[in-house]
Amino acid sequence: MSLQPLIAKVGRYGVIGVAAALVHAAVLLLLGLVAPLWISNLCGFLTASLVGYLGHARYTFRPETKGQRFARRWLLLQFGINVSVSALLPLVLGSWMPALISTVILVFTPTVLNALIWSRAARFSLKRQQANGAKPVLHADDLGLTKATNTAILELAQRKQLSSASLMVNGTAVDPAVAAWKQLTGSPKLCLHVCLTEGPSLAGRASVPDITTPEGGLNRSFLQLLLASCLPRTCRSRRQLEQQLRAEISAQVETFQQLTGFSALAVDGHQHIHLVPIVLDAVLDLSQDFNIHWIRTTAEPLPPELPWGCWQMIFTQGGWLKWLILQALSSLAAPRLRKRGISTNAGFAGVLFTGRMAGTPLQAAWMELKSQSVRDHQTAPVLLAHPAAELTEAEISEMGKDFPLSLPFVSSSWRQQEWEDLASIRLD
């Protein structure tokens, strides 16, 4: 940056900084007449923080932010750092420090910290605007699960509102799904949706007795497989489980190839089961034999402009816990995929609001993914949804028998809401 723009920026920062400092000092001094120092200082800081948050975004760093607010994560970061400093600093200074000097330190320490925080926030905003982003892929899971999922997914794909879908080859309506998919123009992408937690086994109970019920239904949960991933690789039960997982996944891959005619495969998993380490091991072991060239990961950035009501939904519906687990599993999976030369998506959305990707969350996720950079061995970001029509009584009965875990999810009215909102989302 040349000298003149730097001086101008420092001047703008000074104006907002002085305004925030004056607000801080005024609140501190006024409340100090009736409240303890640490309380009055904290209130002064919180008030001044809002002044700085808006002023620096819309005035000081306007070239970087285009006049928009900083992402709220920076405000939360500022609060976290400065609340700690503002609460602890008066205790450190104590009564031995002269009142005037103490007040100056209390006021300007957060100001200096804020300069560092808002500068980084501005660089973050500029980086998002300059990102070499690719248009996100709208993707639907569970094609083939039921006629209801087929109806919604195929209608959206026909209207060019979906770029790809995942086929569940042990679903109750897989054959009509494949037949209809082949009739679509433009050859939209189709992925294998590996399913290990429910539905009929395609390998047969004789080959996979430890992961099926006596009736031949798959029954290993996400948690069970995650815990099995912690067993030593030399453990006999783990080796036996790995062998059976490979057998079942191989059977599903072969069925997928027979149905679609694809020689190269893209893979993801029902309930993201493919990211569990012991399952990913099996998929990677089979990757060369079946030419698996792409595996979905779920590294999901936090949309910066979500309203507080959406954050409340994230915490009350448990999306935050699922997000944390899958973030960790994706971070473990990514280097392994690169080492094998297998591509993955640059970004992802659909875990924080699993089952409720409609309305504001859908729009916010789409805008966030548009700013994601795409690196080597990466494809465009993926926005995941689960649209479906309303289930019939016959479908409910059939799902209750073979897919009891998915029944409450697929029968939710949110499936139709996602279908409706995906049909109307602007893809520019």
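In the predicted model, D142 is part of strand β1. The phi angle of D142 is near 80 degrees, which is a positive value in a residue other than glycine. D142 has a relative accessible area of 4% and is therefore buried, as this value falls under the 20% cut-off. The strand around D142 shows a similar setting: six of the seven residues of β1 are buried, so β1 is largely enclosed by the rest of the structure.

Strand β1 covers residues 137–143 and pairs with strand β2, residues 164–167, in the parallel sense. Three bridges support this pairing. Within the pair, the bridge partner of H139 in β2 is S164, and L143 stands opposite L167. Strand β1 also runs parallel to strand β9 (residues 382–385), to which four bridges join it. Here V137 has V382 as its bridge partner. Strand β2 is in turn joined to β3 by four bridges, again with parallel strands. S164, the partner of H139, stands opposite K189 in β3. Strand β3 spans residues 189–194, and five of its six residues are buried, so β3 is largely enclosed by the rest of the structure.

These pairings belong to an open sheet of seven strands with parallel pairing, in the order β5-β4-β3-β2-β1-β9-β7. The edges of the sheet are formed by β5 (292–295) and β7 (348–349), each of which pairs on one side only. Strands of a sheet pair through backbone hydrogen bonds, in either a parallel or an antiparallel arrangement. In a regular strand the side chains alternate between the two faces of the sheet.

Beyond the end of β1, T146 is located in the loop between β1 and α6 (147–158). At 1% relative accessibility, T146 counts as buried, because the value is under 20%. When neighbours within four places in sequence are left aside, the contacts of T146 are T172, A173, L391, E395 and M399.

Two further loop residues are partly exposed rather than buried. H377 lies in the loop between α13 (359–370) and β8 (378–379). Its phi is near 65 degrees, a positive value in a residue other than glycine. The relative accessibility of H377 is 45%, so H377 counts as partly exposed. Q317 occupies the loop between α11 (308–316) and α12 (319–340). With a relative accessible area of 48%, Q317 is likewise partly exposed. The C-alpha atoms of Q317 and L352 are 9.1 Å apart in space, while the two residues are 35 residues apart in sequence.

Among the helices, α9 comprises 25 residues (236–260). At 1.5 Å a residue, α9 should span 36 Å, and this agrees with its end C-alpha atoms, which are 36 Å apart. In an α-helix there are 3.6 residues a turn, so residues three or four places apart point the same way. After α9 comes G261, whose phi is positive, near 80 degrees.

At the level of the whole chain, the model contains 16 helices and nine strands. The C-alpha trace spans about 80 × 50 × 45 Å along its principal axes. Of the 428 residues in the chain, 49% are buried. Contacts between residues 24 or more positions apart make up 77% of the contacts with a separation of 6 or more. The accessible surface comes to about 20,100 Å², and carbon and sulfur atoms account for 61% of this area. The chain carries 37 positive and 28 negative side chains, with the centres of the two sets 13 Å apart.

Notes. Residues are numbered from 1 along each chain as its sequence is written. This is a predicted model: local features need pLDDT of at least 70, side-chain atom pairs count only at pLDDT 80 or more; totals for chains, interfaces and linings use all residues. Side-chain values use heavy atoms; hydrogens and water are left out. Helices (H or I, at least four residues) and strands (E, at least two) are DSSP runs, numbered from the N terminus. Buried means under 20% relative accessible area, exposed over 50%, partly exposed in between (1.4 Å probe, protein chains only). Contact means heavy atoms within 4.5 Å. Accessible areas come from the Shrake-Rupley method with a 1.4 Å probe; for residues, only the protein chains shown count as cover. Lys and Arg count as positive and Asp and Glu as negative; His and the chain ends are not counted. The place of a charge is taken as NZ of Lys, CZ of Arg, CG of Asp or CD of Glu. The expected span of a helix is 1.5 Å times one less than its number of residues. Two strands pair if DSSP finds at least two bridges between them.
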